[in-house]
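Colleague: Got a minute? I'd like to go through this model with you.
Modeller: Sure, bring it up.

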Amino acid sequence: MGVDAGPGAEALAALRSARPLLWLRTSASRAAPGGDPVVDPALVAQAQARFQRFAPLLADLAPETAATGGIIESPLLPAPRMRQALGLAPNQGSLYIKADHGLAVAGSIKARGGIHEVLQFAESLAMREGLLGARDDYRALGGDAARARFARHRIAVGSTGNLGMSIGIIAALLGFQAEVHMSADAKPWKKARLRAHGVKVIEHTGDYERAVAAGRGSAAADPLAYFVDDERSVALFAGYAAAALHLRDQLRSAGIQVDREHPLFVYLPCGVGGAPGGIAYGLKMLFGADVHCFFAEPVQSPCFLVGMMAQGGEIPGLPALPSVYDLGLENRTEADGLAVPRASELALGAMATRLSGVYTVSDDRLFADLARLYESEGLRIEPSAAAGFSGPERVCGSAAGTRYLREHGLESRMAGATHLAWTTGGRFVPAEEFDQFLSRGRSSAANP
């Protein structure tokens, strides 16, 4: 299972040696810089309303959304067979999956924040140039006049893959010039899919940070370019946070209560931190102390955990915003969407007093859980999306997790708990690549 660790030297030693661990935030963690909240809660409702306004246009531009009227959302799925496969006992709660691996257009959680930011930019530009009035039908933005105006502008982003697919595809569908700067660990099939949609893909030999820096620099030199900044963007963050509003309705429809007697545990794969940070922010806004959010990171790329420990004073002698390289880690993982060396400062600030903890997971465990999910529930995901499934075991079956439950008065309430693993990508993984994932996962599961 790995190391059980609260703050301190033991966690730091486990980090440096790339051993799986569970780290828990203490109540003494400092408040976010500049006060709290870091993001105006009103922006979350505004993001949801913007998705609604654009829905008729998206139904026209992306036929796969027509059945939902242009709303890009994922189902909430019960996973009783996966619960058994993970060894979660009935008195430890039920398991559900928030299936963002199947989101339309981008096929990943990045459809939320990425599409929202492009829509926000398109809306602002259309209003400014007189293409759209406050009460107009947004389908007008699919017409020739709007597309001709949009075609003058370039939208750029740096990405390991999934955010690039989200930004690139929706920007191209709206008629913008779309440009994605991709790091060396991006999967070839993701690059090919972008190019098939008319997106310009610029490949970089370095890691995620270098791709972002290159995209940011390129856009800064062009007055008609707009850069989507995964490390700093409030618009991305708000788009992710809006997911909580829909999940609340899904939980109610499924008859799932969230209160002190029925706690909700949410496990979110984490790269730079914007997507899980936004979702956790929205969930804490709605459910407060009754929701417990944990981020999951690869053992070689625990950038958010490093950032949380640094801001809590647990890693002396490092920069205020450290990198995994500062701890001697390699930032190499098959979970390409999570291969990030340094966390978003915006997300770290938002999570300073909200996040329950972070755990790290080996690549072998990612593949094993990918295989378990396919064999138990028939779902096809990519390795990074499997990071959430070891969360219930860490919380319910470790000394640190037991301590957390005891300190929060939850030990006697776990039979009524809901564990929610958020799957973040996989819809468009080619069949031959998924078969390779599955083969490795079965081997890893057989030889833990």
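Colleague: Let's start with N331. Is N331 buried or exposed?
Modeller: N331 is buried, with a relative accessible area of 5%. Keep in mind that this is a predicted model.
Colleague: Where is the place of N331?
Modeller: N331 is in the loop between α12 (303-311) and α13 (345-351). N331 is not a glycine, yet its phi is positive, about 55 degrees.
Colleague: What sign of phi do most residues have?
Modeller: Most residues other than glycine have a negative phi.
Colleague: And A18, what is its phi?
Modeller: Phi of A18 is near 55 degrees, again a positive value in a residue other than glycine. A18 sits in the loop between α1 (9-16) and β2. A18 is partly exposed, because its relative accessible area is 21% and the buried class ends at 20%.
Colleague: Which residue just after α7 has a positive phi?
Modeller: That is G198, at about 85 degrees.
Colleague: Stay with α7. Which of its residues are buried?
Modeller: Helix α7 covers residues 188-196, and its buried residues are W189, K190, K191 and L194.
Colleague: What do those pack against?
Modeller: Two helices, α6 (162-174) and α17 (431-446), and two strands, β6 (177-182) and β7 (200-203).
Colleague: Back to β2. Which of its residues are buried?
Modeller: Strand β2 spans residues 21-24, and both of its faces are covered. L21 and W23 are buried on one side, L22 and L24 on the other.
Colleague: Why do they split that way?
Modeller: In a regular strand the side chains alternate between the two faces of the sheet.
Colleague: Which strand do bridges join to β2?
Modeller: Strand β11, residues 357-361. The two run antiparallel, with three bridges joining them. One partner pair is L24 in β2 with G357 in β11.
Colleague: New topic. Where is E377?
Modeller: E377 is in helix α14, residues 363-377.
Colleague: Buried or exposed, that E377?
Modeller: E377 counts as buried, because its relative accessibility is 16% and the cut-off is under 20%.
Colleague: What does its side chain reach?
Modeller: The E377 side chain reaches the backbone nitrogen of M82 at 3.0 Å. Setting aside residues up to four places away in sequence, E377 touches P78, A79, P80, R81 and M82.
Colleague: Now the core. How many residues has the largest nonpolar one?
Modeller: It has 132 residues. L141, L174, L283, F304 and W422 have the most contacts inside it.
Colleague: Take L174. What is it in contact with?
Modeller: Leaving out neighbours within four places in sequence, L174 contacts L57, L61, V118, L119, A122, R147 and F150. Apart from that largest core lies another, of 21 residues, including L22, F265, L338 and A400.
Colleague: Zoom out. How many helices and strands in the protein?
Modeller: There are 17 helices and 12 strands. The radius of gyration is 21 Å, close to the 22 Å from the globule rule for 448 residues, so the protein is as compact as a globular protein of that length. The C-alpha trace spans about 60 × 50 × 50 Å along its principal axes.
Colleague: What share of the residues is buried?
Modeller: Buried residues make up 60% of the 448.
Colleague: And what about contacts across the sequence?
Modeller: Take contacts between residues at least 6 apart in sequence: 73% of them join residues at least 24 apart.
Colleague: Last one. How much surface does the protein expose?
Modeller: About 16,100 Å², with carbon and sulfur atoms supplying 49% of it.

Technical notes: Residues numbered from 1 in each chain as written. Predicted model: local features only at pLDDT ≥ 70, side-chain atom pairs only at ≥ 80, totals over all residues. Heavy atoms only, no water. Buried < 20%, exposed > 50% of the residue type's maximum accessible area, 1.4 Å probe, protein only. Helix = DSSP H or I, 4+ residues; strand = E, 2+ residues; numbered from the N terminus. Pairing = 2+ DSSP bridges. Polar contact = N/O pair within 3.5 Å; in protein donor to acceptor, adjacent residues only side chain to side chain. Contact = heavy atoms within 4.5 Å. Core = buried A, V, L, I, M, F, W, Y, C linked by side-chain atoms within 4.5 Å. Rg over C-alpha atoms; globule rule 2.2 N^0.38 Å. Areas by Shrake-Rupley, 256 points an atom, 1.4 Å probe, with all protein chains shown as cover.
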